[in-house]
Amino acid sequence: MKNFIVLIAMLVCNSMFSQIGIGIPNPDASAVLELASKQKGFLPPRLTTAERDAISNPAEGLTIFNTTKNCLEWYNPSGWYNACGDNGVATVTSYVCGTLETGTMEAGTPVSGVSQTITATVSVPGSYDISATENGVTFSAHGNFTAIGNHDIVLDATGTPIAGGDHDFTLNTSPNTCTFRRTTEVPTVRGRAGKIWMAFNLGATAPASSATDAAQYGDYYQWGRGTDGHEKVNSPVNPNLSTGDNPGHGNFITSTNLPLDWRSTSNANLWQGVNGINNPCPAGFRIPTLQEWENEFNASGIVDSATAFNSVLKLPLAGERDLRTGAFTDAGTAFSYWTSTTSGNFSMIKYSASSFGNAGVYRASGYSVRCIKD
């Protein structure tokens, strides 16, 4: 009894002047009590779940080892929380999605070092599994909130961006939805005529590895239409002409009567400039004019398929999609690129077949698009 009283007295005296250390001569200044040992550990009270629940008015931060669950538990204002990972799903009252963003993304290149930090205001601790997918990229994180209040969550990105431009990522956090916007850069090359071009066809994911690299042919657009799905190689055909600039569906519209347009009344004002109606190019890019194609062909010395592919633009022989049937033709033997230049009911293309040249063609045809920086 005498030794116990002496120990208590020593602890009280020490607490009046400094921190208490057991097994350590200089306890950390931020700790009231610091224990140190190379052979023994700290043993908290061991209680069953029933015994834990019998504790009257547990203090916030009270810690025990739950022998029913075999893990540490501590008390917070919402109840007992444990390290077993079975705390249930957290309740979040609000999110801030623009806390911090790191890294950059480029179309066609697997992401690395890209993340988005969001802030969650937690009212009930528990687990979380948060993700958002868009444009071939997924931002995600999972874990546990151990306390109420504001918590920063780092969502790491994986995947390969499909297309350049701004894309909105909406988290799967219903009903407290949250959206953030990330920009995917567009790989570019400087043409011999001095203009900046996309490094590959619209709809492709990388420059073609050969003139017949079918995986990088890209999409087949009808002149003046936006990116609505009609441009994909597997889009269904539809013989019903559109009465407006936006058909409202992703079908490839076939046409058998003059002027062989996908629109019932032609509109030559589409695709004019970076702010043109239905401009399918990424932000800051547009459909090139016929003259810009001419300038690049002349400056690069493009006179046949070999020089077209060996140029900085790496032009593949993507072929075309027939305006009457939707069938694909000439893949591997020819290419045709839309321009923004029009002539009456025709739109001009730059093409290669048995020879190279320019032509005015009907707008329901499906041709390749290569965007140019404004």
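**Contacts and overall form**

I began with the contacts in the chain that have a separation of 6 or more, and I found that residues 24 or more positions apart account for 52% of them. I note at the outset that this is a predicted model.

I then looked up the extent of the chain. Its radius of gyration is 33 Å, whereas a compact globule of 374 residues would have one near 21 Å. Along the principal axes, the C-alpha trace spans about 110 × 40 × 30 Å.

I recorded 4 helices and 27 strands in the chain. Of its 374 residues, 41% count as buried. For the accessible surface I noted about 18,800 Å², and carbon and sulfur atoms hold 52% of that. I also looked up the charges: the chain has 22 positive and 30 negative ones, and their mean positions are 3 Å apart.

**The hairpin of E10 and E11**

I turned next to strand pairing. Strand E10 covers residues 126-134 and strand E11 covers residues 137-145; the two run antiparallel and are joined by 9 bridges. As one example of pairing, I found that Ser127 has Asn144 in E11 as its bridge partner. The hairpin has 2 residues between the strands, and in this hairpin Asn135 takes a positive phi near 55 degrees.

**An open sheet of 3 strands**

I looked up the sheet with the order E8-E14-E13, which is open and has mixed pairing. Which strands are at its edges? They are E8 (105-106) and E13 (165-170), each of which pairs on one side only. E8 runs parallel to strand E14 (residues 179-185), and 2 bridges join them. Within this pair, I noted Thr184 of E14 as the bridge partner of Met105.

As background to these entries, I recall that side chains in a regular strand alternate between the two faces of the sheet.

**Asn70**

I then searched for positive phi values outside glycine. Asn70 has one, with phi near 60 degrees. I located Asn70 in the loop between strand E4 (63-66) and strand E5 (71-76). Is Asn70 buried or exposed? Its relative accessible area is 56%, which is over the 50% cut-off, so Asn70 counts as exposed.

**The loop between E19 and E20**

My last entries concern the loop between strand E19 (252-253) and strand E20 (285-286), where I found Pro259. The peptide bond from Leu258 to Pro259 is cis, with omega near 10 degrees.

Trp271 is found in the loop between E19 and E20. Although Trp271 is not a glycine, it has a positive phi of about 60 degrees. I asked whether Trp271 is buried or exposed. Trp271 counts as buried because its relative accessible area, 0%, is under the 20% cut-off.

Asp261 has its place in the loop between E19 and E20. Its relative accessible area is 4%, under 20%, and therefore I entered Asp261 as buried. Which residues does Asp261 touch, not counting those up to four places away in sequence? I listed Leu241, Ser255, Ser266, Asn267, Arg363 and Ala364. For one of these, Leu241, I also noted the spacing: Asp261 and Leu241 are 20 residues apart in sequence, and 7.9 Å apart in space from C-alpha to C-alpha.

Technical notes:
Residues are numbered from 1 along each chain as its sequence is written. This is a predicted model: local features need pLDDT of at least 70, side-chain atom pairs count only at pLDDT 80 or more; totals for chains, interfaces and linings use all residues. Side-chain values use heavy atoms; hydrogens and water are left out. Buried means under 20% relative accessible area, exposed over 50%, partly exposed in between (1.4 Å probe, protein chains only). Two strands pair if DSSP finds at least two bridges between them. The radius of gyration is taken over C-alpha atoms; the globule rule is 2.2 Å times the number of residues to the power 0.38. Contact means heavy atoms within 4.5 Å. Accessible areas come from the Shrake-Rupley method with a 1.4 Å probe; for residues, only the protein chains shown count as cover. Lys and Arg count as positive and Asp and Glu as negative; His and the chain ends are not counted. The place of a charge is taken as NZ of Lys, CZ of Arg, CG of Asp or CD of Glu.
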